[in-house]
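Here is a quick walk through a protein model, from one salt-bridged spot outwards to the whole chain. Have the structure open and follow along.

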Amino acid sequence: MDKLQDLAVVAIITWGLTTLARRRADREAERTALQDQADTFAVADVQAAASVARQLYEGWPQRAAVGLLAALAAGGAAARTRALGATDNLSLIAGLGATAPILSSARQTSQRYTASLREPMHRLATAAAPLLRHPDEHLASAADDLFNEVTRTQQPEVLEAAPQRFARELARVLRPRRLWRHPALRVRYP
């Protein structure tokens, strides 16, 4: 009988240790997956693309250059048609016609600016989806705030507190839980 009891005790201890090891491995796999998701939540890609595109395609120097080129083209075309003996209306129309290619080119560069942000924003949205569905409400809320701040701001390269909050919540979730801090093991005093 003693051997049967010893065997039962060993079986129960083995079952308990196996269950504990399996749960620990599952938690570690979840933490690794969460860290991978957070790494692909590449806000820096969007910030870098927005900064480069803004310097290349937007800003007052580029707009001033487009305006100056359009004014020079309009003035030159109007002067040419006026020199050929055209009326004021025809010279105005010729001047406006000369500005069309310049303004079209400016619109194309603006579209390139938008297209340069499309791929990083797509990667960001793809990476944000699992984080927004995370069971930890605080982490999901922080990811949502960061995603909204990046996508809704006019200057995604200048973010405020959302990245710090997301980093804090991610570190909190990735921190291993201590057994004595587990909610099920806390003693509640009346």
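## Around the salt bridges

Arg-172 comes out as partly exposed, since its relative accessibility is 32%. Keep in mind that this is a predicted model.

What does Arg-172 meet in a salt bridge at 2.5 Å, N to O? The partner is the side chain of Asp-136. Asp-136 sits in the loop between H4 and H5 while Arg-172 belongs to helix H6, so this pair ties together parts that are 36 residues apart in sequence. Asp-136 counts as buried because its relative accessibility is 19%, and the cut-off for buried is under 20%. If you set aside the neighbours within four places in sequence, Asp-136 touches Glu-169, Arg-172 and Val-173.

Glu-169 also forms a salt bridge with Arg-172, and here the closest N and O atoms are 2.9 Å apart. These two are 3 residues apart in helix H6, so about one helical turn separates them. Glu-169 is buried too, at 15% relative accessibility. Through shared partners, the salt bridges join Asp-136, Glu-169 and Arg-172 into one network.

How many salt bridges does the structure hold? The count is 3. The table lists them with their N to O distances.

| Salt bridge | Closest N and O atoms |
|---|---|
| Arg-82 and Asp-88 | 3.2 Å |
| Asp-136 and Arg-172 | 2.5 Å |
| Glu-169 and Arg-172 | 2.9 Å |

Helix H6 is also home to Arg-168. Is Arg-168 buried or exposed? With a relative accessible area of 55%, Arg-168 is exposed. Its C-alpha lies 8.9 Å from that of Leu-139, although their positions lie 29 residues apart in sequence.

## Ser-91 and Arg-82

Now move to Ser-91, which is found in helix H4. Ser-91 is buried, at 6% relative accessibility. Its side chain makes polar contacts with backbone oxygens: a polar atom of the Ser-91 side chain is 2.7 Å from the backbone oxygen of Thr-87, and the side chain also reaches the backbone oxygen of Asp-88 at 3.3 Å.

Which residues does Ser-91 contact once neighbours within four places in sequence are left aside? They are Ala-78, Thr-81 and Arg-82. Ala-77 is worth a look as well: the C-alpha atoms of Ser-91 and Ala-77 are 7.2 Å apart, with the two positions 14 residues apart along the chain.

Arg-82 and Asp-88 have come up already, as they pair in a salt bridge at 3.2 Å. Arg-82 itself is partly exposed, with a relative accessible area of 45%. So Asp-88 takes part in a salt bridge with Arg-82, while its backbone oxygen is reached by the side chain of Ser-91.

## The nonpolar side of things

The largest nonpolar core has 17 residues, and those with the most contacts inside it are Leu-34, Leu-124, Leu-146, Val-150, Phe-166 and Leu-170. Helices H1 (2-40), H2 (43-57), H4 (88-132), H5 (137-152) and H6 (162-174) each give two or more residues to this core. Which element gives the most? That would be H5, with 6 residues. Apart from this core there is another one, of 5 residues, including Ala-49, Ala-50, Tyr-113 and Leu-117.

Nonpolar side chains turn up on the surface as well. Val-9, Ile-13, Leu-17 and Leu-20 form a patch there, with about 360 Å² of accessible area together. Leu-17 is located in helix H1. At 52% relative accessibility, Leu-17 counts as exposed, because the exposed class begins over 50%.

## Zooming out

The chain has 6 helices and 0 strands, and the pattern along the sequence reads α-α-α-α-α-α. Of the 190 residues in the protein chain, 22% are buried. About 13700 Å² of the chain is exposed, and 60% of that area comes from carbon and sulfur atoms.

How much of the contact set with a separation of 6 or more comes from residues 24 or more positions apart? Those residues account for 70% of such contacts. The salt bridge between Asp-136 and Arg-172 is a nice pair to look at here, as it ties together parts that are 36 residues apart in sequence.

How values were computed. Residues numbered from 1 in each chain as written. Predicted model: local features only at pLDDT ≥ 70, side-chain atom pairs only at ≥ 80, totals over all residues. Heavy atoms only, no water. Core = buried A, V, L, I, M, F, W, Y, C linked by side-chain atoms within 4.5 Å. Buried < 20%, exposed > 50% of the residue type's maximum accessible area, 1.4 Å probe, protein only. Helix = DSSP H or I, 4+ residues; strand = E, 2+ residues; numbered from the N terminus. Patch = residues over 30% accessible without salt bridge, like charges linked within 9 Å, V, L, I, M, F, W, Y side chains within 5 Å. Areas by Shrake-Rupley, 256 points an atom, 1.4 Å probe, with all protein chains shown as cover. Salt bridge = Lys/Arg side-chain N within 4 Å of Asp/Glu carboxyl O. Contact = heavy atoms within 4.5 Å. Polar contact = N/O pair within 3.5 Å; in protein donor to acceptor, adjacent residues only side chain to side chain.
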